[in-house]
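Biologist: I should like to go through this model with you, question by question. Please give the reasoning before each result.

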Amino acid sequence: MTRGQRRLSAMTAATFLIALTAACGGGGADTSRTEETGGGAAAQLSGQINSDGSSTVGPLTTAAYELFAEQQPRVQVAVGTSGTGGGFEKFCNGETDIQNASRPIKDEEKAACQSKGITYTELTVATDALTVVVNKENTWAKCLTVEQLKKIWEPAAEGKVKSWKDVDPKFPDEPLTLAGPGTDSGTFDYFTDEINGEEGASRKDYSASENDNDIVAAVAGAKGGLGYFGFTYFEENQDKLAAVEIDAGNGCVAPSVQTAQDGTYTPLSRPLFIYVKNESMKRPEVKAFVEFYATNINRIATDAKYIPLNSEQEAKLKSAVESLSAS
Amino acid sequence: MTVLTTPKTAVRLAAKGRPLREHLFRLALVASLVIALGFLALVLYSMISKGMGRFDARLWENMPSIRRPEAAGAQSAITGTMWLIGLTAVMALPTGILAAIYLEEYADRTRWYNRVIELNIQNLAAIPSIIYGILALGIIARVLGLGFGVLTGAIALSLLVLPIVIISAREAIRAVPPSIREGSLALGATQWQTIYRQVLPAAIPGIATGSILALSRAIGEAAPLIVLGAATFVPFNPESLFDRFSALPVQIYFWITQSREEFHLLAAAAIVILLALLLLMNSAAILLRNRYQKRY
């Protein structure tokens, strides 16, 4: 062999070696993973469960799995977060077993599921309080009415409502700096529906981000800042931001675990859902996981820092899962 | 650069014409370099200082966790990324290099179809990565029914880097002087013998450098993988081509969007790992180039 040839072969061999080592990086192949060790209630189940959907609900399903794995370590749940809409597309194509959703299924999604023969069960698993936040130095907007919020966020406000004075003449002439979630988010859908009266209708001249931490930073950085997101993000950033009380006609109500659970925080408290494919419930590992999810729902929700269901909702969830398991 | 601060000298230099312009040009060049390197240093510094506290064995030994951020790790994301890059290398490199050999050595450039192919490869290199994700979702995952496993992700990344591999391999092959080919052919070697024994060995350093840089691009991609449903929470390593997977950029993105500060530190630590991997690959490329470079 010539020098060049040797070099070429060596390089080719090296390339493949690198590729191969990387490909085998997964470690010892445990092929027994899909085996069934069935029988009996306490039996060790195994298998993979696929879940996708909302990034708001995903961590809850993840937390449920982590607790479940303490009992059933061989069942594996993969949780994707391609958004409520993206998740429903996969769910109605029969590609996932559990869909995480921060809003109820839409009509066109129902039709998509129907055309593929996918039947499903909707389960309410937690509550969220969409929280409107302002800067800590904001002394005037302790409480806003739904009309005032609409005045700030409606499409007609674009380019017109630029100062707090434009919202209410009693407010100071402080520039209004708006931040909120992007249009792909279920949070955006819910907020625009409840406040502006039409899903997706919003002014566009605000800084939009899929990352709620950006909204935190934007509002914390401007005296006249205002933004909205899920309650968890407010809880984690209480030292940087202030939550606005919401007046929907029955006085000012602050977002909290209490007010979201008893339903007084309207209209911005919302249910969070999972959708379970009925067909998948025939698989013992999916059935066991969903039953575990429902039975321990409040422990899971508290653990993952969500607002737990009230006792009425909890009972409803448990009976829904029971009848689903029985069928 | 003091000449620029004293107007007297500036005027004197301007009178001569060239030196001032030359100085300004040089200043612009240095400034561009400082901006580029400065930002790199800034990114490195902020990530390392933020992530160092969390940069320990937990990161590669543990699986991700939502409930216990202090114990969470990125093992499944690291192995997922290794699988992706390994498979991408196996699929994209041979195909890309062979395509480059065809285009450089065999294709008749006067034929319209070869020119169309060439033009389209240039165009493909400029397509946003998310488009490849959508393509892979629609065709590979659904129509071909390969599902949402690590193989589908690797195919999407292979398609994404293929044009880059082809373009860089072509440039490396083109850089081999024609006299080498002519000499080999004159001695009676066939075209294939010439390519295999003379052209390729001479072009290998360039091809290897281009290939590694192309793979470095693939390693940092998150968008096409997210479209493909690369899960943000996977508590297991992929063990077959069809297993669900996660990848470092996807995992980092997910952690950054979480509300708890612990996850942001974790994301910074994972970014350090990703940067280290990238740096390792790029220095391998430089090393290969320097070691095997031949000058004619």
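Biologist: How many salt bridges does the rule find across the interface of chain B and chain A?
Modeller: The model is a predicted one, and a salt bridge is counted where a side-chain nitrogen of Lys or Arg lies within 4 Å of a carboxyl oxygen of Asp or Glu. One pair between the two chains is A:Glu89 with B:Arg142, at 3.0 Å from N to O. Across the interface of chain B and chain A, the count by this rule is 4 salt bridges.

Biologist: What area do chain B and chain A bury between them?
Modeller: The size of an interface is often expressed as the accessible area lost when the parts come together. The contact involves 48 residues of chain B and 45 residues of chain A. Carbon and sulfur atoms account for 58% of the buried area. The total buried between chain B and chain A is about 3,900 Å².

Biologist: Which three residues supply 74% of the area that domain 1 of chain B buries against domain 2 of chain B?
Modeller: Chain B is divided into domain 1 (2-54) and domain 2 (59-292), and their C-alpha centres lie 34 Å apart. In the contact, 6 residues of domain 1 of chain B meet 14 residues of domain 2 of chain B. The two domains of chain B bury about 800 Å², with 72% from carbon and sulfur atoms. No other three residues supply more of the domain 1 share than B:Met47, B:Lys50 and B:Arg54.

Biologist: How many salt bridges are counted between domain 1 of chain A and domain 2 of chain A?
Modeller: Domain 1 of chain A covers 46-127 + 271-326 and domain 2 covers 131-254, with C-alpha centres 30 Å apart. Contact between these domains of chain A takes 6 residues from domain 1 and 8 from domain 2, and about 570 Å² is buried, 51% of it on carbon and sulfur atoms. For the two domains of chain B, the corresponding count is 0 salt bridges. Between domain 1 of chain A and domain 2 of chain A, the count is 2 salt bridges.

Biologist: How far apart are the closest N and O atoms of A:Arg103 and A:Asp189?
Modeller: A salt bridge requires the nitrogen and the carboxyl oxygen to lie within 4 Å. A:Arg103 and A:Asp189 form such a bridge, their closest N and O atoms being separated by 3.6 Å.

Biologist: Are H9(B) and H12(B) roughly parallel or antiparallel?
Modeller: The axes of helix H9 (residues 191-219) and helix H12 (residues 261-292) of chain B come within 8 Å and cross at roughly 170°. Angles over 145 degrees count as roughly antiparallel. H9(B) is therefore, with respect to H12(B), roughly antiparallel.

Biologist: How do the residues of the contact of H9(B) with H12(B) divide by class?
Modeller: H9(B) contributes residues including B:Pro205, B:Ala208 and B:Ile212, while H12(B) contributes, among them, B:Leu274, B:Met281 and B:Arg289. By class, the residues of the contact of H9(B) with H12(B) are 14 nonpolar, 3 polar and 1 charged.

Biologist: How are H2(A) and H11(A) oriented to each other?
Modeller: Helix H2 (residues 58-68) and helix H11 (residues 284-295) of chain A have axes 10 Å apart and pack at an angle of about 105°. Their contact includes A:Leu60 and A:Phe68 of H2(A), together with A:Phe289 and A:Tyr293 of H11(A). It comprises 9 nonpolar, 1 polar and 1 charged residues. As angles of 65 to 115 degrees count in this class, the orientation of H2(A) and H11(A) is therefore roughly perpendicular.

Biologist: Which helix of chain A holds both A:Lys318 and A:Glu314?
Modeller: A:Lys318 and A:Glu314 form a salt bridge, with their closest N and O atoms 2.8 Å apart. The two residues are 4 residues apart, about one turn of the helix, and the helix is H13 (residues 311-326).

Biologist: What is omega for the cis peptide bond that joins A:Thr266 and A:Pro267?
Modeller: Most peptide bonds are trans. A:Pro267 lies in the loop between helix H10 (257-261) and strand S13 (269-277) of chain A. The cis bond joining A:Thr266 and A:Pro267 has an omega of about -5°.

Methods: Residues are numbered from 1 along each chain as its sequence is written. Chains are lettered from A and ligands numbered from 1 in the order in which they are written. This is a predicted model: local features need pLDDT of at least 70, side-chain atom pairs count only at pLDDT 80 or more; totals for chains, interfaces and linings use all residues. Side-chain values use heavy atoms; hydrogens and water are left out. Axes are lines fitted to C-alpha atoms, for helices over the stretch in contact, and angles run from 0 to 180 degrees between N-to-C directions. Angles under 35 degrees count as roughly parallel, over 145 as roughly antiparallel, 65 to 115 as roughly perpendicular and the rest as oblique. Contact means heavy atoms within 4.5 Å. Ala, Val, Leu, Ile, Met, Phe, Trp, Tyr, Cys and Pro count as nonpolar, Asp, Glu, Lys and Arg as charged, and the others, Gly among them, as polar. Domain bounds come from an automatic or database domain assignment. Buried area is the accessible area (1.4 Å probe) that two parts lose on being put together, summed over both.
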